[in-house]
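Hello,

Here is the structure I promised to pass on to you. Have a look at it first, and then read on for what turned up when I went through it.

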Amino acid sequence: MKIALSDILISFVLNIIQGNNGDELNNRISIKSIKENSISCARCCYPIPGDKVAGLLTNNGLVLHRFDCGNLLRAKQKHEQWLNVDWHADKDEEFEVLIRIENDNRRGMLASIASAIAKSNVNIEFLEIEESNGSMKGLKLLISVLGISQLDEAIYAIKNLKFVHSVNRVSNKKIVLMALI
Ligand SMILES: [Zn+2]
């Protein structure tokens, strides 16, 4: 099995092998870009720069999770290797994040939400409409953001729409996402 790791990860792995991982300093790394460093974002909690995150060491490299992610907590309980991560992302890197909007079903509602999001320079990747008894209850959107401040800006813009009750970040609980056409 091929394990591709960056220099930072190699030194971390060496620390584990040498039994030095009890030291707090050895359990913390700082990262800037996840592009070429065998680092990826977990698809359960969609961490973005600005979140408190931790990295799980896997055969595919380091996978970042939000600190309160259930999968991360379970991995810690099973004593899998993980480390604290200080994440200062490059300005041009975008990250996917899942949000849920609770709203009244009004005419033109989708267009208004799309326009509010577009004004924050945020892209919509996928959209799922939640229905109950044939009427719409809410929306789940997978959007791309640079970091937490741009996400906050987009959420604020959506919340300002009259027919919107709430906007929250959510974790992926096996939802079926529909491509936005
Ligand atoms: Zn996670």
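Let me start with a pair of helices: the axes of H3 and H4 come within 8 Å of each other and cross at roughly 145 degrees. The crossing is right-handed. On the H3 side, the contact is made by Ile113, Ala116, Ile117 and Lys119, and on the H4 side by Ala154, Ala157 and Ile158. Sorted by class, the residues in this contact of H3 with H4 are six nonpolar and one charged, with no polar ones. Please keep in mind throughout that this is a predicted model.

**Helix H4**

H4 covers residues 148-159, and its length works out well: at 1.5 Å a residue, its 12 residues should span 16 Å, and the end C-alpha atoms are indeed 16 Å apart. Which residues of H4 are buried? They are Gln150, Leu151, Ala154, Ile155 and Ile158. Looking down the axis of H4, you would see these buried residues fall within an arc of 135 degrees, so they line one face of the helix. The face turned away from that buried side carries Ser149 and Tyr156, which are exposed.

What do the buried residues of H4 pack against? Their partners are H3 and three strands, namely S6 (95-103), S8 (135-145) and S9 (164-169). Ala154 and Ile158 are worth finding on your screen, as both belong to the buried set of H4 and both also take part in the contact with H3.

**Helix H3**

H3 runs over residues 109-119, and Ala114 is one of its residues. Is Ala114 buried or partly exposed? Ala114 counts as partly exposed because 14 other C-beta atoms lie within 10 Å, where 20 or more would be needed for a buried residue. Ala114 and Ile124 are 10 residues apart along the chain, and their C-alpha atoms are separated by 7.9 Å.

**The whole chain**

Stepping back, the chain has four helices and 10 strands. If you follow the sequence from its start, the order of these elements is α-β-β-β-β-α-β-β-α-β-β-α-β-β. There are 181 residues, of which 24% count as buried. Among contacts in the chain with a separation of 6 or more, 65% are between residues 24 or more positions apart.

Happy to go through any of this with you at the screen.

Best wishes

How values were computed: Residues are numbered from 1 along each chain as its sequence is written. This is a predicted model: local features need pLDDT of at least 70, side-chain atom pairs count only at pLDDT 80 or more; totals for chains, interfaces and linings use all residues. Helices (H or I, at least four residues) and strands (E, at least two) are DSSP runs, numbered from the N terminus. A residue is buried if 20 or more other C-beta atoms lie within 10 Å of its own, exposed if 12 or fewer, and partly exposed in between; C-beta atoms are placed from the backbone. Two residues are in contact if their C-beta atoms, placed from the backbone, lie within 7 Å. The expected span of a helix is 1.5 Å times one less than its number of residues. The arc is that of the directions from the helix axis to the C-beta atoms. Axes are lines fitted to C-alpha atoms, for helices over the stretch in contact, and angles run from 0 to 180 degrees between N-to-C directions. A crossing is left-handed if the near helix is turned anticlockwise from the far one by less than a right angle, and right-handed if clockwise. Ala, Val, Leu, Ile, Met, Phe, Trp, Tyr, Cys and Pro count as nonpolar, Asp, Glu, Lys and Arg as charged, and the others, Gly among them, as polar.
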